[in-house]
4 protein chains.
Amino acid sequence: MPIPAPNLYPPFNIVRLSHVDFAVTDLTASRAFYVDTLGLQVTDESDAAIYLRAMEERGHHCLVLRKADAAHAGALSFKVFDEDQLDRAHDWFAGRGHAVRWVERPYQGRTLATHDCFGMPIEFYFRMDRLPPIHQSYALYRGVKPLRIDHFNVFSPDVDKAVGFYNEIGFRVTEYTEDEESKRLWAAWTHRKGGVHDIAFTNGLGPRLHHTAFWVPTPLNIIDLLDLMSTTGYVANIERGPGRHGISNAFFLYILDPDGHRIEIYCSDYQTVDPDLEAIKWDLKDPQRQTLWGAPAPRSWFELGSVFDGVEPVASGLGASPIIAP
Amino acid sequence: MPIPAPNLYPPFNIVRLSHVDFAVTDLTASRAFYVDTLGLQVTDESDAAIYLRAMEERGHHCLVLRKADAAHAGALSFKVFDEDQLDRAHDWFAGRGHAVRWVERPYQGRTLATHDCFGMPIEFYFRMDRLPPIHQSYALYRGVKPLRIDHFNVFSPDVDKAVGFYNEIGFRVTEYTEDEESKRLWAAWTHRKGGVHDIAFTNGLGPRLHHTAFWVPTPLNIIDLLDLMSTTGYVANIERGPGRHGISNAFFLYILDPDGHRIEIYCSDYQTVDPDLEAIKWDLKDPQRQTLWGAPAPRSWFELGSVFDGVEPVASGLGASPIIAP
Amino acid sequence: MPIPAPNLYPPFNIVRLSHVDFAVTDLTASRAFYVDTLGLQVTDESDAAIYLRAMEERGHHCLVLRKADAAHAGALSFKVFDEDQLDRAHDWFAGRGHAVRWVERPYQGRTLATHDCFGMPIEFYFRMDRLPPIHQSYALYRGVKPLRIDHFNVFSPDVDKAVGFYNEIGFRVTEYTEDEESKRLWAAWTHRKGGVHDIAFTNGLGPRLHHTAFWVPTPLNIIDLLDLMSTTGYVANIERGPGRHGISNAFFLYILDPDGHRIEIYCSDYQTVDPDLEAIKWDLKDPQRQTLWGAPAPRSWFELGSVFDGVEPVASGLGASPIIAP
Amino acid sequence: MPIPAPNLYPPFNIVRLSHVDFAVTDLTASRAFYVDTLGLQVTDESDAAIYLRAMEERGHHCLVLRKADAAHAGALSFKVFDEDQLDRAHDWFAGRGHAVRWVERPYQGRTLATHDCFGMPIEFYFRMDRLPPIHQSYALYRGVKPLRIDHFNVFSPDVDKAVGFYNEIGFRVTEYTEDEESKRLWAAWTHRKGGVHDIAFTNGLGPRLHHTAFWVPTPLNIIDLLDLMSTTGYVANIERGPGRHGISNAFFLYILDPDGHRIEIYCSDYQTVDPDLEAIKWDLKDPQRQTLWGAPAPRSWFELGSVFDGVEPVASGLGASPIIAP
């Protein structure tokens, strides 16, 4: 099934991915990981939750850690272009029979909670408390020097369906992997903000959150993080990398937080603002699509993901991932 | 005069800056500079012109070098979102009394030639020949590893007027310098594509093209270029840097091509897609706005620029630049 | 068995490792690998051999490729402090019953050929043709920008014996791995020139050459090489890395040449000139000694090595390597 | 006057430069500079003095800050190869009529205090308290990530005489600048430890300490320091750079501590262990010897230096530095 033509005039205007909530079992341990090790900045914290932003962000938060009895992922949140887009989104989702609610979120204006075609919780807002710039407060930089949240990657039981749904609301495919035999999509990368992706989809038991990525300045910052993690008790949290993805051309590292939520540290993709940008197709049998340099990903990387609160994942009809043996 | 509120629903949709023409006096010398030294890729060449693209670009050209008797700058070109935007642009400019022409440009579709509020030639197109990706053809990378054209910077005799004009057609201000006494704008950075700028304006004899910038992966690539230029006969073409701009936070280097056209090599600015992004204001008296690390720019940097063919520059009412003595 | 006290007044003064000969089966393929891909400079070539130097070296060669029917390693060569040291070396080896010969080597002065305690061929010389500096000829830099040969690593059937022998001739241990049960050395790193090693020994079927290392400026040059190799047909030649060694703290990459000779690309070790530098001890059971970041080495890395011409390797009494499963 | 042939068998064996004392007027301000900003590690501190080491050093100190009423430099200290060398040094200096004293220095063994041919205080020791390695304690790295002290640079009223003196005690010239007219040395770089220099001499009012250099991993660490200093109140302490020296090929930055003691941050020179290494000659009229990329040094860099306690500097007969106007 070919990828659909980009929908250049979607029903409402999403600017970019914005933030995610993680339910975590130990806020102290999570703080040590995200703040002391990665270098995210605390913008609010209590016994119940910690709000974090990255160094070049002016919105109040890109990650919310909430104390809970069990780890899971909360909604994936997106910023829209203005208040009016919220009403348009509301009507579009409601018109398709998706449950829609206006919810209260601290530090945010009007927020629409709904779900995607697989029941995955997603939220939309326009207004968030704006904070003074700190990207030139170099004394605050720590760890991997995270600059901004970059993208979500989710396991999807039907990537063709996922791409169809997100394409309707304006996400444009930049790269994709096709199973040459079934001609079905195995994975796809889609964007709104002009990079390789705001959200990507990988075939598998889903919906589950595969990872959340943060953009950093250079590969050397990722090397610094590896040195720091491996000498401060986090060596077992290093899952995959460093390496270069064939897809997206990004330099990457995958790490696991204390509850197993996967974080990608990411730099070096490319600009995708051209509306006529041709999506790049990769063959599922080409191992360089995953790691340009050839090193295989570990099995855990293909299997583990964060379940969304209250959403039962469904197996994919395409079967398990073609794991390349090392 | 305060900067205007961003015009979020402009009369037509410009995606990004696209390319520029340079009239040059010696194509061989220019080729040695842009191709052999900087590392741009030739996509077409003849005795009359050389077309170049950067490594991650899929459009046919971002820079056109044309043989001429005297050096000057040609039109600054911008890509619009679709064909329909060209007609909207045509009508908008015509309705304001700007001369408009449909012109033929090799490798481009329908192209609208007009001029801005100072008579500076600008062109708009949607369709350009698309070329296969080469960003992963690492054997082709050379010199500074230029990834894409990033922005134009022009001398303007009235920056308030420039910002007013470009704001009307959707360019949003990200940072600006104000003269605290006159309350007039000294300089402004405006964008369409989600970075700090597609086009910036600096007070001075204008319109003249101050520089054209290319984005590169890391500061180390800029150091590589400095080492290469300084040992291959180009030491006198190094004008300013390397350094970090206060404004934009970019790591920069300014160099001059064989005809004196100024090129900035640039990395590390930040994402600006939020429609409610607050512009950052700098005081004209703060030397760190220019170089965060304190080193002054040389006098030539404040004075030299490329004249646009057939456009007589006009002096600014604000007088000369406050050059900081080294 | 404890490591021996450093022999600070050895019988003759070795300055540093100098070069190695590789018998290769296809000079054209080897040239594409070492010259076009790694970036070593050709200082002489014929149908029979290619002589290479790295960018900051002034001696004529650090690597000699010789056309042969089968791949093997030739002698490991070392530079001594002056001519007089050659006679001292001659007498010391002869006095211990090692075969000694004065041999002719192109571009070298008087050269002593002998063998170590396992029959591994080693050679000593003082004088080699000196070439003009090219470290500031930046137009010549290519590939990984190799600056100098850094060290040899050899499989040894008895590392205690190897350390004892090389210690006598002045090599000082900087780091070592001990098998906590047998209290025998598993591996040791020894130096003359003030870095972590000129020659290292690893337990295994030996003597065989495990790898030859080249020093490069920064980890980013190694990333550049990975990008280049993986897109020019060399992805299968990437064996291990990039990563950080626990031992030596170096950032490393292991690659295989077209005949299977292993090359390490290496940067970031530390200065070891202090005669009272304490050797650092690692436990064989600590996986971080090999890769600080935790990723295991592939099985091939523990098993493959280049046989020395005419020298039959002997199994180690300590058994096979403790390969950590991925 | 040609540079002398290297003295390969000097009267005593100096291993490397080791440390320097700075008299400073405000220990708190100096601590903020050296510890919080540069990232040196405190190994002892009191109201009177702070002892510091860099990240890969195992000796107790490479810099001692002493509270004093006025800033000046104390002795330049060197480590010798063993205890016996101290007695040899004692006799050599005494035999030449230099005042010699055995002095007590905290954390050091027997220490010989004497002076060079210009009365500049120098000290020699073999034994210093050894500390556990911290180069892999990545959580401790801060600021510019200083790895080790690299060299001293001193103003000398007669560089020919300085080179003659230091050559006698084994320092070998790696690069030098000659005044083509007078055929006298303008500057010279001399080493013991196998890099471009342990101590360098520049023509000028002397003896005065021009700067003390620290080695860092990569140019990006220097960029990090510039960003940090320029946003934490130290912008005026940035004197020159970043840049590449022609001489030594090093990437450099010069900064001033709160008392005006000059520190160079330095990486990327080359290995010089070959006893037959040819010194590289530069012409005093070649501006690229100072900055390969062409940018001139500020006047202060040619004029300011730290006076040694109780040593009256003497003007050079060669006159003032040929300062290149920016």
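**Chain copies and strand 13 of chain D**

Colleague: Which residue of chain C comes closest to the rotation axis?

Modeller: C:Thr218 does, with its C-alpha at 3.3 Å from the axis. Keep in mind that this is a predicted model.

Colleague: What turn lays chain C on chain D?

Modeller: A turn of 180°, with a shift of 0.0 Å along the axis. The RMSD is 0.0 Å. The two copies are thus related as by a two-fold rotation axis.

Colleague: And how many of the contact residues of chain C recur in chain D?

Modeller: 100% of them. The same surface serves both copies.

Colleague: What rotation superposes chain A on chain C?

Modeller: One of 180°, with 0.0 Å of shift along its axis and an RMSD of 0.0 Å. Here too the same surface serves both copies: 100% of chain A's contact residues recur in chain C.

Colleague: New topic. Is strand 13 of chain D mostly covered or uncovered?

Modeller: Mostly covered. The strand spans residues 208-215, and eight of its eight residues are buried.

Colleague: In what sense do strand 9 and strand 13 of chain D pair?

Modeller: Antiparallel, over seven bridges. Strand 9 of chain D covers residues 148-156. D:Asn153 stands opposite D:His211 of strand 13.

Colleague: How many bridges join strand 13 to strand 16 in chain D?

Modeller: Four, and these strands run parallel. Strand 16 of chain D is residues 262-267. There, D:Glu264 is the bridge partner of D:Ala213.

Colleague: What about strand 18 of chain D?

Modeller: Strand 18, residues 306-307, pairs with strand 13 of chain D in the antiparallel sense, over two bridges. D:Leu209 has D:Ser306 in strand 18 as its bridge partner.

Technical notes:
Residues numbered from 1 in each chain as written. Chains lettered and ligands numbered in written order. Predicted model: local features only at pLDDT ≥ 70, side-chain atom pairs only at ≥ 80, totals over all residues. Heavy atoms only, no water. Least-squares fit on C-alpha atoms with pLDDT ≥ 70 in both. Contact = heavy atoms within 4.5 Å. Buried < 20%, exposed > 50% of the residue type's maximum accessible area, 1.4 Å probe, protein only. Pairing = 2+ DSSP bridges.
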